[in-house]
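Student: I am new to this structure and should be grateful for a close look at one part of it. Could you take me through the charged side chains, and then through what lies around them?

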Amino acid sequence: MDGLIYSILGDPFVQMWQMPDFFIQVIWEGFVSGILYALIALGFVLIFKASGIFNFAQGIMVVFSGLTLVGLHALGVPAFVALLMTIVVMYGLAFGIERLVLRNLVNQPDIILFMATIGLTNILIGGGQWIFGSETKSMITTELLIPTGSSVWEPGGGLVIFQHIDIAAAVIAALLIVSLALFFSKTKVGRALRAVADDHQASLSVGISLNQIWVITWFAAGIVALVAGIMWGARSDVSFSLQIIALKALPVLVLGGFTSVPGAIVGGLIIGVGEKLFEIYWGPLLGSGVEGWFAYVIALVFLLFRPQGLFGEKIIERV
Amino acid sequence: MFYREAGQFKTSYAEYLQALPLREDKVGIAIWLLLAVFYVPFFGLPGLEYTFAMNAIMIPVLIFTITALGLNILVGYTGQISLGTGAFMGVGAYACYKLTTYFPDVNIILIILASGFVSAAVGALFGLPSLRIKGFYLVVATLAAQFFLEWCFIRVEWLYNYNPSGAIEVPQREVFGIVVTGAAASPATRYLVVLGILIFLTIIAGNLVRGRIGRSWMMIRDMDIAAELIGVRPLRAKLSAFAVSSYYCGVSGALMVFLWLGAAEVESFDVNHSFLYLFMVIFGGLGSITGSYMGAAFIWTFPILLKELGKRVFDIDSIIMENVSLVAIGMLIVFILIKEPHGLARLWQLGKQKLRIWPFAH
């Protein structure tokens with residue numbers, strides 16, 4: 001029994017202390033995957049805030065945008081033109097979804113809209129595999145001028161490796177978040193978006209077109225998805241299995257709160273770092289693969305004590 | 001003309017309360033039952049090869065109908081969305097496997113029915129968060145169940161008797177001298193066993209949702225605060241819904257492995273299957289027993305038929321047809337949500353209404 005308690009509460013920390021370079025490496029790896037979780041969660045939050053729709057298709061939008069980019073490049077389109085064309089495709093997707101799906105489902109209960117996005121997920125999976133094939137593809141990293149080397153840092157005789165892709169991912173994600181924040185607070189459209197998030201009817205009454213706003217939010221979520229798709233594709237590959245990993249954005253949302261942009265980021269980082277640490281230091285006690293469910297169980301525990309998340313608005317029910 | 005209640009008078013309270021008050025409904029269901037029991041096991045489905053009709057269509061459709069019934073109790077009647085169905089089916093399957101390993105001589109049908117209780121216990125455990133959270137937050141809780149249980153099915157080697165392949169292989173079991181499970185069982189036997197269990201569970205589900213407990217589920221679904229105010233205990237209503245739903249899922253999972261697949265790995269219980277079952281429930285109709293039958297039959301047979309059609313008529317590769325059917329199902333889901341959010345069951349009801357007033361328009 002003492003041995004068990006030691007291996008849970010003692011040994012992992014001793015390992016962290018003895019090999020600080022490895023510890024830093026694990027934190028860094030967790031940090032980078034946390035950024036990617038945060039990006040996916042950000043797409044969810046944008047749509048949830050603007051329309052109250054829980055967009056289940058966000059994960060597949062990440063895959064779809066990545067596939068479109070790679071597929072266009074494979075047709076011989078130069079990388080940056082392909083990037084622009086992908087952005088156009090994401091706009092077309094947002095427009096089509098609003099026109100064909102959302103507009104017809106106004107005023108339906110949330111569960112119906114949620115299920116419509118599951119149907120949408122199916123369409124995007126089937127369509128994506130139909131057009132681009134189901135095999136995994138590698139992201140056009142060098143063509144997009146994303147650095148691929150690695151830097152080595154040696155703190156006190158240790159060894160920590162930073163992939164340049166990961167650094168680029170962190171920087172790009174930070175830029176994206178800053179520009180989104182500026183867009184929300186400084187531009188007219190951004191203010192309209194915030195007004196819609198606050199109150200649909202009031203914003204309608206001051207002349208904001210809800211349909212237009214929805215297209216813009218889905219487009220913004222599509223852009224976030226594209227960035228997440230590029231970064232994730234550069235780290236591993238572009239494949240449909242990413243869709244299951246993208247479900248991890250859900251526990252991130254629970255942790256951060258469904259309506260909070262900073263919450264999505266902080267939640268993503270907590271989940272990313274937490275699951276890596278747990279996998280490396282506590283995972284061997286349970287057998288490997290705990291990464292698959294750790295995030296969800298953390299979210300489950302969290303839900304029991306603070307259902308609104310770290311930064312979410314308090315859930316008040318009125319009758 | 002053929003379907004109206006005129007002239008059928010009820011003379012006692014009990015007659016009003018029966019499950020199928022209309023004579024036409026009774027006759028209709030009797031015809032379906034006669035066909036299912038006396039025609040299908042011997043001749044299969046018209047126009048299809050016998051073993052294909054049994055193994056690829058009839059048996060899985062009946063099994064998934066049980067799943068859809070269970071999920072409908074949770075999603076349609078109680079209003080709690082679950083994405084953990086696949087894992088709860090897995091719990092039933094592994095429980096059945098362990099039970100029949102320890103008690104090889106006990107009737108396998110009893111073991112299948114008993115393994116549902118293990119699944120019910122697990123389901124109620126993972127339903128606990130539903131007391132504090134609802135809606136999409138609950139989706140996350142059920143996803144936690146899904147991924148955690150999937151991991152258990154891989155890592156806990158005791159569950160599959162330390163089999164190096166990681167799969168469970170169904171042993172041969174006999175009931176009254178007839179082989180029911182394993183490779184030697186005939187399709188007709190397996191079909192009839194599944195059908196029997198399905199009919200039994202349908203009767204129970206139909207009466208549960210008509211009764212006191214079913215009404216408390218529907219009150220929780222429609223407005224939980226109001227339900228609480230007039231004396232429905234959310235704890236009891238929600239957890240019983242989770243338990244009953246998981247019982248159905250567990251039984252169908254055990255049936256799926258023992259009477260249909262014959263062997264199973266963790267892939268048979270993954271999250272994509274959970275989505276498939278949710279589609280069946282949405283498509284058939286939330287909160288409808290008939291809808292569970294229609295949804296399971298439609299969602300399961302539609303891709304198969306599409307694939308056959310593509311192969312025979314247009315000579316298209318089956319991989320492409322698979323993607324086409326994914327897109328088609330997605331579009332159908334969106335379409336039916338827009339046009340008729342209550343699913344096929346509602347269309348069926350509208351059709352019956354039309355028949356009642358025919359030949360008049362109103």
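Tutor: A residue is called buried under 20% relative accessible area, exposed over 50%, and partly exposed in between, with a 1.4 Å probe and protein chains only. By this rule A:Arg194, at 43% relative accessibility, is partly exposed. The model is predicted: local features require pLDDT of at least 70 and side-chain atom pairs pLDDT 80 or more, while totals for chains, interfaces and linings use all residues. Residues are numbered from 1 along each chain as its sequence is written, chains are lettered from A and ligands numbered from 1 in written order, and side-chain values use heavy atoms, without hydrogens or water.

A:Arg194 belongs to helix H7 of chain A; helices here are DSSP runs (H or I, at least four residues), numbered from the N terminus. On the surface, A:Arg194 joins A:Lys49, A:Lys188 and A:Arg191 in a patch of positive charge. Such a patch takes residues with over 30% relative accessible area and no salt bridge, like charges being joined within 9 Å and nonpolar side chains within 5 Å. Lys and Arg count as positive, and their charges are placed at NZ and CZ. The greatest contribution to the positive patch, three residues, is made by helix H7 of chain A, which spans residues 188-198.

Other charged side chains are paired. Over all chains the structure contains four salt bridges, each being a side-chain nitrogen of Lys or Arg within 4 Å of a carboxyl oxygen of Asp or Glu.

One of the salt bridges lies in chain A and links A:Arg103 to A:Glu98, with 3.3 Å between the closest N and O atoms. A:Arg103 is partly exposed, at 34% relative accessibility, whereas A:Glu98 is buried, with a relative accessible area of 1%. The position of A:Glu98 is in helix H4 of chain A, residues 79-100. With neighbours within four places in sequence left aside, A:Glu98 makes contact (heavy atoms within 4.5 Å) with A:Arg103, A:Asn211, A:Trp214 and A:Val215. A:Arg103 is therefore found both in the salt bridge and among the contacts of the buried A:Glu98.

In chain B, B:Asp25 and B:Lys352 form another salt bridge, at 3.8 Å from N to O. B:Asp25 sits in helix H2 (residues 23-43) and B:Lys352 in helix H14 (residues 343-357) of chain B, so this pair ties together parts that are 327 residues apart in sequence. Of these partners, B:Asp25 is buried at 17% relative accessibility, while B:Lys352 is partly exposed with a relative accessible area of 23%.

A further salt bridge joins the side chains of B:Arg221 and B:Asp222, at 3.1 Å from N to O. Here B:Arg221 is partly exposed at 33% relative accessibility, and B:Asp222 is exposed at 55%. B:Asp222 closes helix H8 of chain B, a helix of residues 212-222 that also contains B:Met218. B:Met218 is partly exposed, at 22% relative accessibility. Beyond residues up to four places away in sequence, B:Met218 touches B:Tyr77 and B:Val209. From B:Met218 to B:Ile320 the C-alpha atoms are 42 Å apart in space, and the residues are 102 apart in sequence.

The surroundings of B:Asp25 also deserve attention, since its helix H2 covers residues 23-43 of chain B. B:Ile31 lies in helix H2 of chain B as well and is partly exposed, with a relative accessible area of 46%. B:Ile31 takes part in a nonpolar surface patch together with B:Val27, B:Trp32, B:Leu34, B:Leu35, B:Phe38, B:Tyr39, B:Phe42 and B:Phe43. Together these side chains have about 1,000 Å² of accessible area, as given by the Shrake-Rupley method with a 1.4 Å probe, only the protein chains shown counting as cover.

An uncharged residue of chain A completes the picture. A:Asn122 is in helix H5 of chain A, residues 110-132, and is buried, with a relative accessible area of 11%. Not counting residues up to four places away in sequence, A:Asn122 touches B:Phe279, B:Leu326, B:Val327, B:Ile329 and B:Gly330.

How values were computed:
Helix = DSSP H or I, 4+ residues; strand = E, 2+ residues; numbered from the N terminus.
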